[in-house]
Amino acid sequence: MDNILLFAGIASHIADQRGVQGREHDYLIHLRDAGSHVVPNHLRSSPFANQAQAFHTDSCDVIGMYVMETAKEGGQSYWASSGQVYNELAASRPDIIYTLAASNWPFERAGSEPPYALRALLHPSSHQPILCFSRSNLTGTNVAPRSPNIPQLSEIQAEALDALHYCAEKHAIEVKHRKGDMYFLNNLTVLHGRASFVDHDSASPIEPEASDEEPRGERHLMRLWLRDTEFGWQTPNGLQTRWSEVFGKEVRARGKWSFGKVHSASLVVKSQNDETSSFS
């Protein structure tokens, strides 16, 4: 509890709005391998599992991260300047820039008709072009295959998505976390990814009802999605809908804090490709 209060208090000096994450409107998300005792391996998506994450952005202006525990092996983060990625692609493959800026990328929207929305991955801004995407939302994963009701990516789009990833990988810096580290990352200018990880052999899985106890030896980061209403950049038109689902007055009124270290099985399973339930 004290660590959450400390994290939220410092974050309030970075940005005044906290966004909700996922369909259950959590202000705070615990990023850790939930383990097969909570949800079977084949149903856990990357925020709650130990596999690597490709470069992506989240749905916020600023990402707040607080490292509570590190893994035995791996789990380091990779950060890449989206401006540097843009400049290199614009110089070497301007056709890819046009593809990324086209408003024809299909994002799954369960419960809508049609069950997807089209928008761009690259958005104009008075500061710099803004990238906003998650590869898993667009391609699906082994855990959450892409719905057959959603248009498949074209060959040109698939090539652009790969080029974006490999360019970010080329220019990324590696960030090795230490327990107690706290980061506030400009999500509008930085792409981030994660290496796979292995927890310590001494890690002791715990059930949600015993969640006041810190799991021993398990990689555990707490995350906030933030926005500064006074000094933040203007949200591009193409991202207004998504940002309203995170920072809108009505959704924030339903927001809640998850003080336990282990999220419910239902929350972990709901973290699928649908952009409104996704945690990236």
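This is a short walk through the structure, one selection at a time.

**Whole chain**

Keep in mind that you are looking at a predicted model. Start with the cartoon view of everything: the chain has eight helices and 15 strands. Of its 280 residues, 53% count as buried. Contacts also reach across the sequence: among those between residues at least 6 apart, 78% join residues at least 24 apart.

**Stop 1: a four-stranded sheet**

Select strands 3, 13, 6 and 11. In that order they make an open sheet, with antiparallel pairing. Look at the two ends of the sheet: strand 3 (53-56) and strand 11 (173-175) are the edge strands, and each has a single partner, so one side of each lacks a neighbour in the sheet. Averaged over the sheet and ignoring direction, neighbouring strands are turned by 20° against each other.

Now zoom in on the pair made by strand 3 and strand 13 (residues 190-194). Two bridges hold this antiparallel pairing.

**Stop 2: His 56**

Show the side chain of His 56, which sits in strand 3. Which residue of strand 13 stands opposite His 56? Turn to His 192 and you have found the partner. Is His 56 buried or exposed? Its relative accessible area is 4%, so His 56 is buried, the cut-off being under 20%.

Follow the side chain of His 56 and you will come to the backbone oxygen of Ala 54, at 2.8 Å. Next, pick the C-alpha atoms of His 56 and Ala 168: they are 9.5 Å apart in space, although 112 residues separate them in sequence.

**Stop 3: helices on the sheet**

Bring back helix 2 (residues 82-92). It lies across strand 6 (77-81) and strand 13, and runs at about 55° to strand 6. Then add helix 5, which packs on the sheet and touches strands 3, 6, 11 and 13. The direction of helix 5 makes about 95° with that of strand 3.

**Stop 4: helix 3 and its two partners**

Select helix 3 (residues 94-101) along with helix 5 (residues 155-171). Their axes come within 9 Å and cross at roughly 110°. An angle of 65 to 115 degrees counts as roughly perpendicular, and helices 3 and 5 are therefore roughly perpendicular to each other. To see the contact, show Ile 96, Thr 99 and Leu 100 from helix 3, then Ile 156, Gln 157, Ala 160, Ala 163 and Leu 164 from helix 5. By class, that contact has six nonpolar residues, two polar and no charged ones.

Swap helix 5 for helix 2. The axes of helix 2 and helix 3 come within 5 Å, crossing at roughly 120°; these two helices are therefore oblique to each other. On the helix 2 side, pick Tyr 86, Leu 89, Ala 90, Ala 91 and Ser 92; they meet Pro 94, Ile 96, Ile 97 and Leu 100 of helix 3. Here the residues divide into eight nonpolar, one polar and no charged. Leave Ile 96 and Leu 100 on screen, since helix 3 uses them with helix 5 and with helix 2.

**Stop 5: strands 4 and 12**

Finally, select strand 4 (residues 62-69) and strand 12. They run antiparallel and are joined by five bridges. One pair to label is Ile 63 with its bridge partner in strand 12, Leu 185.

Now show the side chains of strand 12 (residues 182-186). Which residues make up its covered face? They are Tyr 183 and Leu 185, while Met 182, Phe 184 and Asn 186 form the uncovered face. In a regular strand, side chains alternate between the two faces of the sheet.

Definitions and conventions:
Residues are numbered from 1 along each chain as its sequence is written. This is a predicted model: local features need pLDDT of at least 70, side-chain atom pairs count only at pLDDT 80 or more; totals for chains, interfaces and linings use all residues. Side-chain values use heavy atoms; hydrogens and water are left out. Axes are lines fitted to C-alpha atoms, for helices over the stretch in contact, and angles run from 0 to 180 degrees between N-to-C directions. Angles under 35 degrees count as roughly parallel, over 145 as roughly antiparallel, 65 to 115 as roughly perpendicular and the rest as oblique. Contact means heavy atoms within 4.5 Å. Ala, Val, Leu, Ile, Met, Phe, Trp, Tyr, Cys and Pro count as nonpolar, Asp, Glu, Lys and Arg as charged, and the others, Gly among them, as polar. Two strands pair if DSSP finds at least two bridges between them. Buried means under 20% relative accessible area, exposed over 50%, partly exposed in between (1.4 Å probe, protein chains only). A polar contact is a pair of N or O atoms within 3.5 Å; within protein, one must be able to donate a hydrogen and the other to accept it, and residues adjacent in sequence count only if both atoms are side-chain atoms.
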